[in-house]
Amino acid sequence: MRADFIANASHELRTPLSSLLGFIETLRGPAREDLEAHERFLSIMQDQASRMARLVNDLLSLSRIELDEHMPPAGKVDVLDRLDGVMAALELKAASRRIRLTLEAPDGLPAVVGDEDQLTQVFQNLVSNAIKYTRENTDVTVAVSLADGVAVGVSGPAGRGGRGMQMVAVAVRDQGEGIARTHLPRLTERFYRVDAARSRAMGGTGLGLAIVKHIVNRHRGRLTIESAVGVGSTFTVYLPAASEESGEGRAAEPARRQA
């Protein structure tokens with residue numbers, strides 16, 4: 001696995017690096033006096049350098065997450081506060097493709113046990129992916145709800161009435177082309193892409209869902225993926241609530257917020 005990872009990371013870095021070296025050689029040689037070529041090549045070089053920067057940042061992030069994965073976080077995080085911030089930050093990106101962002105959540109949702117920065121990264125990755133892959137002029141919906149740990153396959157101390165640990169579920173739904181069932185088990189593998197060319201063209205590094213998986217593992221939660229070709233996909237993260245009592249008597253009807 002380590003050898004495969006190094007080979008993949010090397011390949012992902014070598015491709016844009018080769019492009020940069022080739023353009024630099026051209027600009028210093030045949031295109032030295034061609035101002036039009038300068039503008040065109042410099043734009044491509046900036047894209048390639050940005051791609052390498054994103055990849056290095058994701059590699060470093062993944063390494064840090066893996067170092068801490070065996071130590072569960074102990075803080076408390078307000079999920080709705082984090083989601084509001086993420087959706088506000090991505091609003092312009094969504095608007096550029098005429099995508100509507102909607103947040104649905106019950107009143108009085110309990111906090112979750114977690115690391116604020118890492119959970120922000122999880123929500124950022126999932127919502128950003130949904131914006132990338134949904135069809136233009138459609139909705140991306142983030143639905144937050146409460147779930148029973150046993151029902152979603154998360155072990156933990158049983159609550160009253162024999163119920164499992166209370167979980168907060170964050171489901172990100174898009175209306176994209178969907179993903180064939182054969183790809184679903186491998187989506188969280190490092191550098192695995194359903195459509196590699198399209199992913200790279202959109203600025204993807206192939207590490208976003210791997211980062212999500214490792215952060216969710218550290219939080220002793222669960223990630224599920226459901227998708228139907230031609231309909232869309234739903235990525236759901238289940239996170240342990242900070243306390244069972246904080247989830248009592250929540251409203252069943254979700255409140256809708258439009259971003």
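The expected span of a helix is 1.5 Å times one less than its number of residues. Helices (H or I, at least four residues) and strands (E, at least two) are DSSP runs, numbered from the N terminus.

Before you start: this is a predicted model, in which local features need pLDDT of at least 70 and side-chain atom pairs count only at pLDDT 80 or more, while totals for chains, interfaces and linings use all residues. Residues are numbered from 1 along each chain as its sequence is written, and side-chain values use heavy atoms, with hydrogens and water left out.

**Stop one: helix H2.** Select residues 35-68. These 34 residues reach 50 Å from first C-alpha to last, close to the 50 Å expected at 1.5 Å a residue. Now zoom in on the start of H2, where a side-chain oxygen of Asp 34 comes to within 3.2 Å of the backbone nitrogen of Glu 36. Then color the buried residues of H2 (under 20% relative accessible area, 1.4 Å probe, protein chains only), including Phe 41, Met 52, Leu 55 and Ile 65.

**Stop two: the largest nonpolar core.** Such a core is a set of buried Ala, Val, Leu, Ile, Met, Phe, Trp, Tyr and Cys residues joined through side-chain atoms within 4.5 Å. This one has 49 residues, and Val 79, Leu 83, Phe 123, Leu 126, Val 142, Val 144 and Leu 187 touch the most other members. Show helix H5 (residues 116-133) next: with 7 residues, H5 gives the most to this core.

**Stop three: Thr 188.** Look in the loop between strand E5 (166-173) and helix H6 (196-201). Thr 188 counts as buried because its relative accessibility is 15%. Leaving aside neighbours within four places in sequence, Thr 188 is in contact (heavy atoms within 4.5 Å) with Leu 209, Ala 210, Lys 213, Leu 223 and Ile 225.

Conventions
Buried < 20%, exposed > 50% of the residue type's maximum accessible area, 1.4 Å probe, protein only. Polar contact = N/O pair within 3.5 Å; in protein donor to acceptor, adjacent residues only side chain to side chain.
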